[in-house]
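Please work through the exercises below with the sequence and the model side by side. Each exercise gives a task and then a solution that goes step by step.

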Amino acid sequence: MISAPRRILLVSANRHREPYPVYPLGISYLKSYLRWRLPDYEIVLFDCNLGTDEQLETFIRRMQPRYVGLSFRNVDGANSLCEGNFLTGYRAVAEAVRRATTVPLLIGGAGFSIFPQHFMEIVGADYGLAGEGEESLAQLIETLDAGREPADIDGLFVRGHETKPYPRPHRCYLRSLEVEFEDAWIDYYWRESGMLNIQTKRGCPYDCVYCSYPVIDGRTTRTLDPDRIVEDIVRLRRSKGIDYLFFTDSVFNICREFNIRLAEELIRRDARIRWGAYFSPANLTREELALYRRSGLTHIEFGTESFDDEVLAAYGKRFVFEDVLRASEAALAENIYYAHFLIFGGIGETMTSIERGIANARHIRHSVFFPYVGMRIYPHTALQRLAVEQGVIAADDPLVDPRYWLCPDFDLERTRSLASASGKAWVFPDDENDALMHRLRVERNKKGPLWEYLRKP
C-alpha cells in the first residue's frame, strides 16, 4: 500500500505591490532549507500575488498538506498619506486555509514578528515563529510529528499561551542558506518588477529610533556564505537570463571584509549581473564603491532619512550631512545611480529643520529624493518609548493600526513647495508615477528600480 505524500504548504500571504511586487524571498529560503532538514516531506509553495483565495482553497484540497505555513511580510505600507493595514486581507487568506483543511496552521514572517500576539489572535493560528524561522520551523514540525508538545524552540508562540513580550529568544542563527527560486514566480516578478532579490546578511547593529528591523531579525549581524550566494546568482543568470538583483540586507555596507569578498567572487565568477542595495552614507569610500561597481553595482538606495544634522542625531543616525554629500559624490564619480530616502516630520523635526534639509539637498547632484511623511511607530522601538513618554500614544496602544510621529508644526503643502522650488527630483508617497514606471518596466522591458529616469541635475 502506497502511503499519501507528506507535504508542507508554505504560503506567501502578501499582496502589496507598491511601488512594484517583491519576490517572496523568505519562503524560497524556507523551501530550500526544509527540503534538506526534512527530506521525507515534499515542500510546495503558493504565492497570493499570483493566485486568489479561492484558488488557494482549491490548491490545498488538491495537495492535502500535513501542515500549512503562512508568511506575512508587512503589516502596512508605512505611508501616513495613505493609512491602513493589510490585516483584513491576511485574515481572508487564513479563512481560505481553514475552509480547505483542519491541519495545523503555522505563521511567521516580518509582519508577524513585530505583532505576534495580535497576528495569532486575528489569524487564528496554532503556532507562530518570530524572527529567523528556518530551523525553528523544522524543529516544530519534528516535534509535532513525534506527538510531543512543542517547547524550547526559538521564537515559538503557541495558541492560547500568553507570552510577553517574546518567547525564548534566538540563540543560534544560520549562516549558510541556499535560495531556490520558483520558475513560474520568476517570470511574473521579472516582468512586473524588473528585478529579483537575494540576501547576503541578516541582522542590524544600528540603533535608529524608529526601526523595527532589529525586532524582526536581531541586532547581531550574520553574513551568509558568499560562495553559495554567488552560485545561486550565477545559476539564476544562466537558467533564466536574470541580470538584475537587489540585495535586501537592512544595510549592505556593513561587514566590509565580507562585502569585498562577495564583490571579488562576483567578478571572479564572471556573474555578469547588475545589482542594487540599501546603503548607509557612513564609512563608505570611493575605493569600495569602485570595487562594487566592477562587480555589477548600478543602484544605491541610501537610508539617509534627513539632510539636517540635528534631525539625524535625533533619529539615531551615526553620520552627518557631510557624510551624505561625500558618499553621493563618490557614487556619482563611479557612475552609480543613487537615491536618498527621507523621513519628514519625525522625532526632533520642525519646519525649520525641514527648510534647512531641503536647502542642503541643493548640494546633492543627479539624484532622486523619496520623502516619507511622518515616522511610523512600531512596538519595541525607542520611538515607541518616547511617544509614550511624550503622550503621543497610550502605553497600551498595540500600534497595529498605523500611528505616526509627526511634528506639530508640519505643513505638507509648504514642504512640497520648498521641495519643488529646490529644482531637484522629489517623489512624495502620493505622487503619481505609476504610469511612467509601468511603461518603462512592462512596455519597454526596462529592468532595475528605474528611479534613475526621474533624476535631475
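## Exercise 1: Salt bridges across the chain

Aspartate 145 and arginine 6 meet through their side chains in a salt bridge, with 3.5 Å from N to O. The model examined here is a predicted one.

**Task.** Find where in the chain aspartate 145 and arginine 6 lie, and then do the same for arginine 376 and aspartate 76.

**Solution.** Begin with the pair named above: aspartate 145 belongs to helix H6 (residues 134–145), while arginine 6 is in the segment before strand S1 (7–12), so that this pair links distant parts of the chain, 139 residues apart. Aspartate 145 has a relative accessible area of 33% and is therefore partly exposed, since that class lies between 20% and 50%. Arginine 6, with a relative accessible area of 28%, is partly exposed as well.

Next, turn to arginine 376, which forms a salt bridge with aspartate 76 in which the closest N and O atoms are 2.6 Å apart. Because arginine 376 lies in strand S15 (residues 375–376) and aspartate 76 in the loop between strand S3 (67–71) and helix H3 (87–100), the pair ties together parts that are 300 residues apart in sequence. Both arginine 376 and aspartate 76 are buried.

## Exercise 2: A salt-bridge network

**Task.** Decide whether arginine 222 is buried or exposed, and name the residues that salt bridges with shared partners join into one network with it.

**Solution.** The side chains of arginine 222 and aspartate 217 meet in a salt bridge, 3.6 Å from N to O. Arginine 222 has a relative accessible area of 1%, which means that it is buried, the limit being under 20%. Aspartate 217 is buried too, with a relative accessible area of 10%. Following the shared partners then gives one network made of Glu132, Glu134, Arg202, Asp217 and Arg222. By the rule used, the structure's salt bridges come to 42.

One residue of this network, Arg202, can be followed a step further, for the charged end of arginine 202 sits over the ring of tyrosine 29, 5.7 Å from its centre. In another such contact, the charged end of lysine 201 sits over the ring of phenylalanine 252, at 4.3 Å from the ring centre.

## Exercise 3: Aromatic rings

**Task.** Work out how the rings of phenylalanine 112 and phenylalanine 119 are set against each other, and which cluster is linked by ring pairs.

**Solution.** The structure holds 29 aromatic pairs. In one of them, the ring centres of phenylalanine 112 and phenylalanine 119 are 6.5 Å apart and the planes stand at 80 degrees, so the pair is edge-to-face. Phenylalanine 112 and phenylalanine 119 are both buried. The cluster linked by ring pairs consists of Phe72, Phe86, Tyr90, Phe112, Phe119 and Phe157.

For practice, consider tyrosine 188 and tyrosine 189, whose ring centres are 4.8 Å apart with planes at 85 degrees, so that this pair is edge-to-face. Tyrosine 188 and tyrosine 189 are buried.

## Exercise 4: The cavity

**Task.** Determine which element gives the largest share of the lining of the largest cavity.

**Solution.** The structure holds 1 cavity of 30 Å³ or more, and about 60 Å³ of space lies in the largest cavity. Its lining includes Glu305, Phe307, Leu342, Phe344 and Ile358. Strand S13 (337–344) and helix H14 (351–361) are the elements that give two or more residues to this lining, and the largest share, 4 residues, comes from H14. Sorted by class, the lining has 5 nonpolar, 3 polar and 3 charged residues.

Methods: Residues are numbered from 1 along each chain as its sequence is written. This is a predicted model: local features need pLDDT of at least 70, side-chain atom pairs count only at pLDDT 80 or more; totals for chains, interfaces and linings use all residues. Side-chain values use heavy atoms; hydrogens and water are left out. On a 1 Å grid over the protein atoms alone, a cavity is a set of points where a 1.4 Å probe fits but cannot get out, and a pocket is an open set with protein on both sides within 12 Å along at least five of seven lines; lining residues have an atom within 4 Å of a point. Grid points are joined across faces, edges and corners, and a volume is the space filled by probe spheres set on the points. Ala, Val, Leu, Ile, Met, Phe, Trp, Tyr, Cys and Pro count as nonpolar, Asp, Glu, Lys and Arg as charged, and the others, Gly among them, as polar. Rings of Phe, Tyr and Trp (its six-membered ring) pair if their centres lie within 6.5 Å; planes under 30 degrees apart count as stacked, over 60 as edge-to-face and the rest as tilted. Buried means under 20% relative accessible area, exposed over 50%, partly exposed in between (1.4 Å probe, protein chains only). A charge sits over a ring if NZ of Lys or CZ of Arg is within 6 Å of the ring centre and within 35 degrees of the ring normal. A salt bridge is a side-chain nitrogen of Lys or Arg within 4 Å of a carboxyl oxygen of Asp or Glu.
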